[in-house]
Amino acid sequence: LGSPNYLNGIVATADRSALLVSDQAQDALWRVDLDTAAATAVELVDSQLCADGLALLEPGLLIGVSNRGESRDDAVFFVSTVRSDDGWATARVTREHVDPRWTVPTTLAVVDDRVLVVEAQLWSRPEPRLPFRVLDVGSAAETPRVVTLPAPLNCVAVLPDGRIVTAGATGKVYFLSATGDL
């Protein structure tokens, strides 16, 4: 691997000593030490990650919105579950949750036990389809709850008070309650 070049998802490790950063172009996961700023590739054992957005669930467990494919016609989008038992020196993708209803998911956030996935519709240019959605994926067995918003989205975060904030290309920011209401 070369040096990081197409960085997307970023999350702090549980001990806050490092950042985990995904690099879609190289199908890589990097560990950046916060004391030294040294970036080290996490060895993905028998795995591909191709992650965009990332969220840390617990010290050795990460999820990421991932995709594979060269064009909108052959792209597959999924949420990857990634486990590391050695402080992120190595990791393995243990699960891929695919949902064909997703329209170019780009990032995610975790609120309590809920996983929220943002659909950016990046390949829908010049005319994206309204509404834009934040999907409450919950667990793989549940039917996603859909929150519709009237503008393109490409990021999501959870505030300390439990509210969800999302923003997009129009410069508008939307705040949702912890239950997903606008």
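# A guided tour of a predicted strand-only model

Begin by selecting Ala25, which sits in the loop that runs between S2 and strand S3 (28-33). The model on screen is predicted. With a relative accessible area of 56%, Ala25 is exposed, because the threshold for that class is over 50%. Next add Leu7 to the selection: this residue and Ala25 are 18 residues apart in sequence, and their C-alpha atoms are 8.1 Å apart in space.

## The whole chain

Now display the entire protein chain as a cartoon. The chain has 15 strands and zero helices. Its 182 residues include 47% that count as buried. Switch on a surface representation: the accessible surface of the protein chain comes to about 9300 Å², and carbon and sulfur atoms account for 51% of that area. If a contact map is available, consider the contacts between residues at least 6 apart in sequence; 34% of these join residues at least 24 apart.

## The eight-stranded sheet

Return to the cartoon and colour the strands S1 to S8. In what order do the eight strands form the open sheet? Reading across, the order is S1-S2-S3-S4-S8-S7-S6-S5, and the pairing is mixed. Strand S1 (7-12) and S5 stand at the edges; each has a single partner strand, so one side of each lacks a neighbour in the sheet. On average, and with direction ignored, neighbouring strands of this sheet are turned by 35° against each other.

Start at the S1 edge. S1 runs antiparallel to strand S2 (residues 18-23), and four bridges join the two. Select Ile10 and look across to S2, where Val21 stands opposite.

Then move to the other edge, at S5. A hairpin of two residues connects S5 to S6, and these strands pair in the antiparallel sense over five bridges. Select Glu58 to find Leu61 of S6 standing opposite.

Continue to strand S6 (residues 61-68). This strand is mostly covered, with seven of its eight residues buried. On to strand S7 (residues 76-83): eight bridges join S6 to S7, and the two run antiparallel. Val65 is a convenient residue to select here, as Val79 in S7 stands opposite.

## Two salt bridges

How many salt bridges does a search of the whole structure find? The search finds two. Side chains of opposite charge can pair when their charged atoms come close.

For one of them, keep Glu58 selected and add Arg83. Their side chains meet in a salt bridge with an N to O distance of 4.0 Å. Arg83 lies in strand S7 and Glu58 in strand S5, so this pair ties together parts that are 25 residues apart in sequence. Arg83 is partly exposed, with a relative accessible area of 32%, and Glu58 also counts as partly exposed, at 40% relative accessibility.

For the other, select Asp46 and Arg92, whose side chains meet in a salt bridge at 3.5 Å, N to O. Distant parts of the chain are linked by this pair: Asp46 is in the loop between S4 and S5, Arg92 is in strand S8, and they are 46 residues apart. Asp46 counts as exposed at 73% relative accessibility, whereas Arg92 counts as partly exposed at 37%.

## Gln48

Remain in the loop between strand S4 (39-44) and strand S5 (51-58), and select Gln48 there. Gln48 counts as partly exposed, at 41% relative accessibility. Which residues does Gln48 contact, leaving aside neighbours within four places in sequence? They are Asp27, Arg68, Val93 and Glu96. Val93 lies 45 residues from Gln48 along the chain, and the C-alpha atoms of the two are separated by 7.1 Å.

## Ser84

For the last stop, select Ser84, in the loop between S7 and strand S8 (90-98). Is Ser84 buried or exposed? Its relative accessible area is 6%, and because buried means under 20%, Ser84 is buried. Display the polar atoms around this residue. The side chain of Ser84 reaches the backbone nitrogen of Trp88 at 2.9 Å. A polar atom of the Ser84 side chain also lies 2.7 Å from the backbone oxygen of Thr90. Finally, show the surrounding residues: not counting those up to four places away in sequence, Ser84 touches Gly60, Ala89, Thr90 and Ala91.

Notes. Residues are numbered from 1 along each chain as its sequence is written. This is a predicted model: local features need pLDDT of at least 70, side-chain atom pairs count only at pLDDT 80 or more; totals for chains, interfaces and linings use all residues. Side-chain values use heavy atoms; hydrogens and water are left out. Buried means under 20% relative accessible area, exposed over 50%, partly exposed in between (1.4 Å probe, protein chains only). Contact means heavy atoms within 4.5 Å. Two strands pair if DSSP finds at least two bridges between them. Axes are lines fitted to C-alpha atoms, for helices over the stretch in contact, and angles run from 0 to 180 degrees between N-to-C directions. Accessible areas come from the Shrake-Rupley method with a 1.4 Å probe; for residues, only the protein chains shown count as cover. A polar contact is a pair of N or O atoms within 3.5 Å; within protein, one must be able to donate a hydrogen and the other to accept it, and residues adjacent in sequence count only if both atoms are side-chain atoms.
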